[in-house]
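Here are a few exercises on a ligand and the protein around it. Open up the structure and work through them one at a time.

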Amino acid sequence: MSLAGKTAVVTGSNSGIGLGVARCLAEAGAKLVLNSFTDRDEDHALAEGIAAEFGVKARYIQADLSDGYAARQLIENAGACDILVNNAGIQHVAPIEDFPVEQWDRIIAINLSSVFHTTAAALPLMRSRGWGRIVNVASAHGLTASPFKSAYIAAKHGVVGFTKTTALETAEEKITCNAICPGYVLTPLVEAQIPDQMKTHGMDREQVVRDVMLARQPSKEFATVEQIGGTTAFLCSEAAAQITGTTISVDGGWTAL
Ligand code: NAD
């Protein structure tokens, strides 16, 4: 499969899943636009590293996606957007009655509203080229719930619903829109939580991973950023041209429970 000639914008791609997805799309030959809210030398160096490693054009554009205007500007500044991967996301954990209002607003803005803004800005560019792929990184929590993650779960269910409407509005235009629903993925953020969990539960690493973190993931294995990247690349391929408006779970069986 080749994505040569396509430009991919991946939001929230200076770490974790977004970076893994960006690397997979670059490997398939896509030009890359990386993004996050910071504007550090290392962010730009990341894009330069991907360009050198895969022989594609890659650049980093700073945009704070909690701001709808900035989200639309990101796509305008990219200039082209054949592939849009809405990946940026944050989390906060608290019971509903104690959930800080500003955290609720921020999670809805970054995890849900930014998907609306980038999609609205990208669709005219995709239509002008008669082709497009939108991949929204939702979550198993876009399909099921857990306590204390109300904003995240509301946002991710919202992303799944928005994915379906986007697919229907573009169904006749060679543009597809789908959501990937990962279970737990081993990112630096998740890895960093393991030592604390070992202390809290008095368990070794293997027990924490199996019985605490992956308690609801029947495979008892984390998904990897490469697997999310590979699923994204598949959804961008010709083989997936008739897959639209749906979710693909990469969750080791979580949502089959
Ligand atoms: P991460 O923290 O490594 O990545 C999040 C990315 O979003 C980072 O690049 C971060 O800089 C960026 N970001 C945060 N706030 C932003 C803002 N205001 N503007 C622009 N960018 C911003 O975490 P991750 O685990 O790689 O998560 C990526 C996506 O995958 C998220 O949407 C998350 O909800 C989803 N997800 C993760 C898991 C998991 O187990 N790691 C599981 C299911 C879904």
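**Exercise 1.** Work out which domains and which secondary-structure elements build the shell around the ligand.

*Solution.* Start with the domains: in this predicted model, domain 1 (7-184 + 224-249) and domain 2 (186-222) each give the shell at least three residues. Next, go down to the elements. At least two shell residues come from each of helix H1 (16-27), strand S2 (31-36), helix H4 (101-129), helix H5 (150-170) and helix H6 (188-201).

**Exercise 2.** Count the residues that surround the ligand, pick out the closest, and sort the shell by class.

*Solution.* Taking residues with a heavy atom within 4 Å, you should get 31 around the ligand. The closest are Asn14, Ser15, Ser36, Asn87 and Tyr152. Now sort the shell: 15 residues are nonpolar, 13 polar and three charged.

**Exercise 3.** Find polar partners for the ligand's oxygen atoms, then say how much of the ligand the protein buries.

*Solution.* Try the side chains to begin with. Ser36 puts a polar side-chain atom 2.6 Å from a ligand oxygen, and Asn14 does so at 2.7 Å. Then check the backbone: a polar backbone atom of Gly12 sits 3.1 Å from an oxygen of the ligand. As for burial, the ligand on its own exposes 820 Å², and the protein covers 90% of that. To finish, look at the space the ligand takes up: that's the largest pocket.

Key. Residues numbered from 1 in each chain as written. Predicted model: local features only at pLDDT ≥ 70, side-chain atom pairs only at ≥ 80, totals over all residues. Heavy atoms only, no water. Polar contact = N/O pair within 3.5 Å; in protein donor to acceptor, adjacent residues only side chain to side chain. Areas by Shrake-Rupley, 256 points an atom, 1.4 Å probe, with all protein chains shown as cover. 1 Å grid on protein atoms, 1.4 Å probe; cavity = no way out; pocket = protein on both sides within 12 Å on 5 of 7 lines; lining within 4 Å. Sits in = over half its atoms within 2 Å of the grid points. Helix = DSSP H or I, 4+ residues; strand = E, 2+ residues; numbered from the N terminus. Nonpolar A, V, L, I, M, F, W, Y, C, P; charged D, E, K, R; others polar. Domains from an automatic or database assignment.
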